[in-house]
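Welcome! Please take a moment with the sequence and the 3D view below, and then let us walk through them together.

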Amino acid sequence: MRYDDATVTSFPQQPSPERDTCLLPDVADARGAIAVADVPGDLIDEMESAPRLIFFGLQHVLVMYAGTVAVPLILGAALQLTGTQIVALISADLFTSGLATLLQTIGWWKFGARLPLIQGCSFVCVAPMILIGTRYGMPTIYGSIMCCGLFMIVAGPFFSRMLRFFPPVVIWCVITVIGLTLLPVAGNWLGGGDSAAADFGSLRSLGLGFATIAVVLLIQRFAKGIWANLSVLLGLIAGTLMAAAMGQASFMQVGATPWFAFAHPLLFGRPKFALLPALILCFAMLVVMTETTGNCLAIGELSGRDIKPATLTAAFRADGLSTILGGLFNSFPYNAYAQNTGLLSLSKVRSRYCVAAAGAILVVLGLLPKMAAVIAGIPRPVLGGASLVMFGMTAMAGIEELARVRYRGTNNGLIVAISLCMGMLPIATPKLFAHAPDAAQLFLDSGIFLTAFTAVVLNIFFSGKGMAAGERTGSE
């Protein structure tokens, strides 16, 4: 993949050919530049059969479901919302997540990357939204969300020009840390979901989680074809059945949940706009754009597609428009979920239409709360086991590509070492930046942002700002 095109052009109206010859980084040549090898076909635009679309789409939904509903649960508990309000937030979250995913995968005009990116509520924005809600109230949260969505649309073309500062050594540091920073989430689910509970980390919870991992591994080892590709979905089903047999799965809330409910816009009244809250969320969206850049380029590597600045611009515009819709329908800012990038690596299915099917399923779940309640009944240890595999695959994808970077005779080893260590600081020492200003903590508590910022700065320092990205990666 080439990263030295810094221009922003209009997004192509036609998708790339179904069977195209694309370029992927392979090994470094004698000059240090990354050599490229031909790979057969671009699988992103490949259409699957209807049953495969449904099954692979459902698998994507199950992988991201717990993460995206966690945002309204955490926010609702922090702001002491009623149970009815939290249920409404969850339904709105699922509904707009589906719309955002359809916009990102299918695209409309210059909105949407046309990549297999599933959209969910961003964890980056949870802390600032709680801060805004506590001091200003829910209407100001949604006014600020609309402002940061507009900011992302406007700033997207400028941010995409930074693509030349993201050579492989930078991108794959970011992807590796994305996978590693998600591991505490998987660990929390593996222990039962509530670290304050007395039975957190019980043998029963851990047993369920590791049994789910074992099922996924056994299917990967012995199954073939579509069954191997659906290993995560089958692992979740098997884990849930085991939990039900042990009395650890409860679906009592299904009976009390209505069949149909439409997402009510502006549930908390007309949005209010204030400068400081809006600026805080706009700063947070810089971290979101960094994550989106890393996920887009990772999918490009996995699928054999050359990601251009125009593709990133279209992705940012889709994130921004989806965030504005989220503010209208009582939901939250959106970004691409890295765990689903790991699923693409494991399932070997790269079709954006499978992810679009996941978006359609999310829309249905948002309109049919009873079906969403069934998925919500999957025990947290089972989700933790499956997520451990997915997050690990995301980190593995970064490690695999970092092995292709040239280290001998370059300073790339220092870039990787320091960037990865900086990215792990918020995980290893969560209170390290506790005395920093609130606005600064948005960035300092994000291992993804720290990795990206450190890698970009060090790459410029050691290699020179004016060099092409391919040259910078292996420069002497």
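Helices (H or I, at least four residues) and strands (E, at least two) are DSSP runs, numbered from the N terminus. With that in hand, the loop between helix H11 (309–328) and strand E4 (334–336) is where Asn330 lies.

A word on the ground rules. This is a predicted model, in which local features need pLDDT of at least 70 and side-chain atom pairs count only at pLDDT 80 or more, while totals for chains, interfaces and linings use all residues. Residues are numbered from 1 along each chain as its sequence is written, and side-chain values use heavy atoms, with hydrogens and water left out.

## The whole protein

The protein has 19 helices and four strands. Of its 476 residues, 56% count as buried; buried means under 20% relative accessible area, exposed over 50%, and partly exposed in between (1.4 Å probe, protein chains only). About 19,100 Å² of the protein is exposed, and carbon and sulfur atoms supply 68% of that area. Accessible areas come from the Shrake-Rupley method with a 1.4 Å probe, and for residues only the protein chains shown count as cover.

Contact means heavy atoms within 4.5 Å. Among the contacts in the protein with a separation of 6 or more, 82% are between residues 24 or more positions apart.

## Residues with a positive phi

Most residues other than glycine have a negative phi. Asn330, which is not a glycine, has a positive phi of about 65 degrees. Is Asn330 buried or exposed? Asn330 counts as buried because its relative accessibility is 3%.

Trp109 also has a positive phi, near 55 degrees. Trp109 sits in the loop between helix H2 (83–106) and strand E3 (119–121). With a relative accessible area of 52%, Trp109 is exposed.

Lys348, just after H12, takes a positive phi of about 70 degrees. Helix H12 itself (residues 338–347) has ten of its ten residues buried, so the helix is largely enclosed by the rest of the structure. Gly342, Leu343 and Leu344 are among those buried residues of H12.

## Aromatic rings

Rings of Phe, Tyr and Trp (its six-membered ring) pair if their centres lie within 6.5 Å; planes under 30 degrees apart count as stacked, over 60 as edge-to-face and the rest as tilted. The structure holds nine aromatic pairs. One of them joins Phe461 and Phe462 in an edge-to-face arrangement, 5.1 Å centre to centre and with 70 degrees between the planes. Phe461 is exposed at a relative accessible area of 64%, whereas Phe462 counts as partly exposed at 26%. Elsewhere, Trp109 appears again: Trp108, Trp109 and Phe111 form one aromatic cluster.

## The largest pocket

On a 1 Å grid over the protein atoms alone, a pocket is an open set of points where a 1.4 Å probe fits, with protein on both sides within 12 Å along at least five of seven lines; lining residues have an atom within 4 Å of a point. The largest pocket has a volume of about 1,400 Å³. Its lining has 41 residues, and the closest to its centre are Phe123, Val124, Thr181, Val185 and Asp445. Which helix gives the most to this lining? Helix H5 (residues 168–190) does, with seven residues. By class, the lining has 26 nonpolar, eleven polar and four charged residues.

## Places that meet across the sequence

Two pairs of residues are far apart along the chain, and the table gives the separation of their C-alpha atoms.

| Residue pair | Apart along the chain | C-alpha separation |
|---|---|---|
| Met162 and Val456 | 294 residues | 9.8 Å |
| Tyr136 and Phe273 | 137 residues | 10.0 Å |

Met162 lies in the loop between helix H4 (138–160) and H5, and is partly exposed with a relative accessible area of 31%. Tyr136 belongs to helix H3 (residues 126–136). Tyr136 is partly exposed too, with a relative accessible area of 41%. Not counting residues up to four places away in sequence, Tyr136 touches Leu276 and Pro277.

Ser91 has its place in helix H2 and counts as buried at 12% relative accessibility. Leaving aside neighbours within four places in sequence, Ser91 is in contact with Gly366 and Pro369.

Methods: Grid points are joined across faces, edges and corners, and a volume is the space filled by probe spheres set on the points. Ala, Val, Leu, Ile, Met, Phe, Trp, Tyr, Cys and Pro count as nonpolar, Asp, Glu, Lys and Arg as charged, and the others, Gly among them, as polar.
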